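Please examine the sequence and the three-dimensional structure shown here before reading further. The explanation is written for a reader who meets this structure without prior acquaintance.

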Amino acid sequence: MTEYWVSQGNKWCEFCKIYISNNPASIRTHELGKRHKDTVALRLANMQKEGAAKEKEQKAAARALEQIEAKAKKSYQKDLASFQGVSSSPTVETSQRTADSSKCSAKPGSDWEFDSSSGYYYNKLNGFHYDKNSDLYYSAALGKWVTLEEASKSGKVTKPDIGQPSAGTKSTGAAPGLVVSKQLNPTRNTKGAPSSIAVNKRKRGDAKPKTMSKEEEEAIKAREAARKRVEDREKPLLGLYRAY
């Protein structure tokens, strides 16, 4: 039987980064050499340094987390103590709001009823509206807000029994807006009446009509279309806001 020669190849040393013969004698000779031993010692020293640096970073991160948790716990305890102190005693604002709500309720059998649509008190007998913030009265016959004395002249008007304003609230005396009993017509013509003062403008008899280019005509058409879109968009909003 014929025998064939087989090559043993080379072996790669991971520490020295070189190839050596792949046989026991060459491998043992290389590993006992000074170059290989120095390379292995240097690699081990670098691994120890990297491990120490990584351990130091982990300890610093753990210490920072502990400090954050301590601060968060301290802040939580402080907030909890302040919340318990506030909830144990009612605030002045809450008591004042309760007193105001009890005063604003009208007595049973009163002629005045609160109109939620207008935000005022309404008397069905005389047709007057009353605003408790300004202490003024309004009727369609007068067309303006007046005091109790002026309202009494036009009819029998009594002040509704809804309580007096709180001591901390001062009446500004400014008349509120008009009473709107129903929604305004959003499609009405909003253009004002023409002025009674006629302005005479001098016109030249020999004035020539101004010629416009095609670009100017397109710009004017675009401006008119934009103005019409704005008017159509704002028409449904008319009459939704009160003027005060």
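The paragraphs below proceed from the chain as a whole to its sheet, a loop, the core and two cysteines.

This is a predicted model, in which local features need pLDDT of at least 70 and side-chain atom pairs count only at pLDDT 80 or more, while totals for chains, interfaces and linings use all residues. Residues are numbered from 1 along each chain as its sequence is written, and side-chain values use heavy atoms, with hydrogens and water left out.

The protein chain contains five helices and seven strands. Both kinds of element are DSSP runs numbered from the N terminus: helices are H or I runs of at least four residues, and strands are E runs of at least two. Along the sequence, their pattern is β-β-α-α-α-β-β-β-β-β-α-α. Of the 244 residues in the protein chain, 12% count as buried; buried means under 20% relative accessible area, exposed means over 50%, and partly exposed lies in between, with a 1.4 Å probe and protein chains only. The protein chain exposes about 21100 Å², of which carbon and sulfur atoms supply 55%. Such areas come from the Shrake-Rupley method with a 1.4 Å probe, and for residues only the protein chains shown count as cover. Among contacts in the protein chain with a separation of 6 or more, 42% join residues 24 or more positions apart, where contact means heavy atoms within 4.5 Å.

An open sheet is formed by five strands in the order β3-β4-β5-β6-β7, with antiparallel pairing. Its edge strands are β3 (112-115) and β7 (145-146), each of which pairs on one side only. Two strands pair if DSSP finds at least two bridges between them. Four bridges join β3 to the antiparallel strand β4, residues 120-123, and Glu 113 has Tyr 122 in β4 as its bridge partner. These two strands form a hairpin with four residues between them, and Gly 119 in the turn has a positive phi of about 85°.

Further along the sheet, β5 (residues 129-131) and β6 (residues 136-138) run antiparallel and are joined by three bridges. Asp 131 stands opposite Leu 136 in β6. The loop between β5 and β6 holds Ser 134 and also Asn 133. Which of these loop residues is buried, and which is exposed? Ser 134 counts as buried because its relative accessibility is 7%, whereas Asn 133 counts as exposed because its value is 54%. The side chain of Ser 134 also makes a polar contact with the side chain of Asp 131 at 2.8 Å. A polar contact is a pair of N or O atoms within 3.5 Å; within protein, one must be able to donate a hydrogen and the other to accept it, and residues adjacent in sequence count only if both atoms are side-chain atoms.

The largest nonpolar core has seven residues: Trp 112, Tyr 121, Phe 128, Tyr 130, Tyr 137, Val 146 and Ala 151. Such a core is a set of buried Ala, Val, Leu, Ile, Met, Phe, Trp, Tyr and Cys residues joined through side-chain atoms within 4.5 Å. Not counting residues up to four places away in sequence, Val 146 touches Leu 136, Tyr 137 and Ala 151.

A search of the whole structure finds zero disulfides, a disulfide being a pair of cysteine sulfur atoms within 2.5 Å. Why is Cys 13 not bonded to Cys 16? The closest cysteine sulfur to that of Cys 13 is in Cys 16, and the separation of 3.8 Å is too far for a bond. Cys 13 counts as buried at 8% relative accessibility, and Cys 16 is buried with a relative accessible area of 8%.
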